[in-house]
Amino acid sequence: MTDNTERYVWYPDAKQVFIPIKVMISDNTVTATDLNGKKLSISIDQAKKLDTVLFPIDKFIKVNDLIDINNYSDAAVLYTLRSRYNNGDIYTNIADILLAINPYEQREELYNEEVMNRIRSYLDHSKAGINVDKFQTLLPHPYLIAQQSFNDLYNKNTSQSIVI
């Protein structure tokens with residue numbers, strides 16, 4: 001990191017493991033602030049060693065599939081999962097894998113016939129060749145995994161396995 005540059009970096013945090021902070025080095029001094037504007041005290045050497053956040057901070061909560069993160073690191077994955085969870089999104093895809101973080105509460109709005117019908121409709125449109133944007137239409141969900149597996153078993157006669 002050169003002088004007079006501002007960037008976001010992943011900063012180790014005792015409570016959240018990693019947090020994104022904004023760092024500016026100018027005239028051998030470091031200005032570091034978290035996303036809430038709280039000033040942090042870090043050395044120039046420490047600031048120069050921190051990994052840069054390459055993905056826009058506000059986009060992490062919108063990522064449905066961790067494959068879409070262009071800066072794949074422990075910090076990016078943990079921050080994305082925590083941001084999604086705090087937003088009420090307990091499911092996140094990693095390609096064909098569904099990751100669930102248990103909220104330890106009933107989530108009735110996630111498991112109903114409307115959700116099942118939306119997933120079934122999406123898959124029917126996709127199968128018919130109609131262009132459907134998965135990430136804008138559906139959020140990651142176990143119903144989607146189950147329906148995709150059933151469709152592949154029935155239509156392609158291919159063995160399926162789901163590990164829980």
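These entries record what I looked up in a predicted model: two pockets and one residue.

**Entry 1. Largest pocket.** I began with the largest pocket, which holds about 540 Å³ of space. I noted 20 lining residues, and those closest to the pocket centre are Asp96, Ile97, Leu98, Ile145 and Ile162. I then looked up which elements give two or more residues to this lining, and found strand 5 (91–94), strand 6 (97–100) and helix 5 (142–156). Helix 5 gives the most, with seven residues. I also sorted the lining of the largest pocket by class and recorded twelve nonpolar, five polar and three charged residues.

**Entry 2. Second largest pocket.** I turned next to the second largest pocket, where about 230 Å³ of space lies. I recorded 16 residues in its lining, with Leu110, Arg118, Leu139, Pro140 and His141 nearest the centre. Helix 3 (residues 113–127) gives the most to this lining, with three residues. By class, I entered eight nonpolar, three polar and five charged residues for the second largest pocket.

**Entry 3. Aspartate 45.** I located aspartate 45 in helix 1, which spans residues 44–49. Is aspartate 45 buried or exposed? I read a relative accessible area of 54% for aspartate 45; exposed requires over 50%, so I entered aspartate 45 as exposed. I also checked aspartate 45 against valine 30: the two are 15 residues apart in sequence, and their C-alpha atoms lie 9.7 Å apart in space.

Definitions and conventions:
Residues are numbered from 1 along each chain as its sequence is written. This is a predicted model: local features need pLDDT of at least 70, side-chain atom pairs count only at pLDDT 80 or more; totals for chains, interfaces and linings use all residues. Side-chain values use heavy atoms; hydrogens and water are left out. Helices (H or I, at least four residues) and strands (E, at least two) are DSSP runs, numbered from the N terminus. Buried means under 20% relative accessible area, exposed over 50%, partly exposed in between (1.4 Å probe, protein chains only). On a 1 Å grid over the protein atoms alone, a cavity is a set of points where a 1.4 Å probe fits but cannot get out, and a pocket is an open set with protein on both sides within 12 Å along at least five of seven lines; lining residues have an atom within 4 Å of a point. Grid points are joined across faces, edges and corners, and a volume is the space filled by probe spheres set on the points. Ala, Val, Leu, Ile, Met, Phe, Trp, Tyr, Cys and Pro count as nonpolar, Asp, Glu, Lys and Arg as charged, and the others, Gly among them, as polar.
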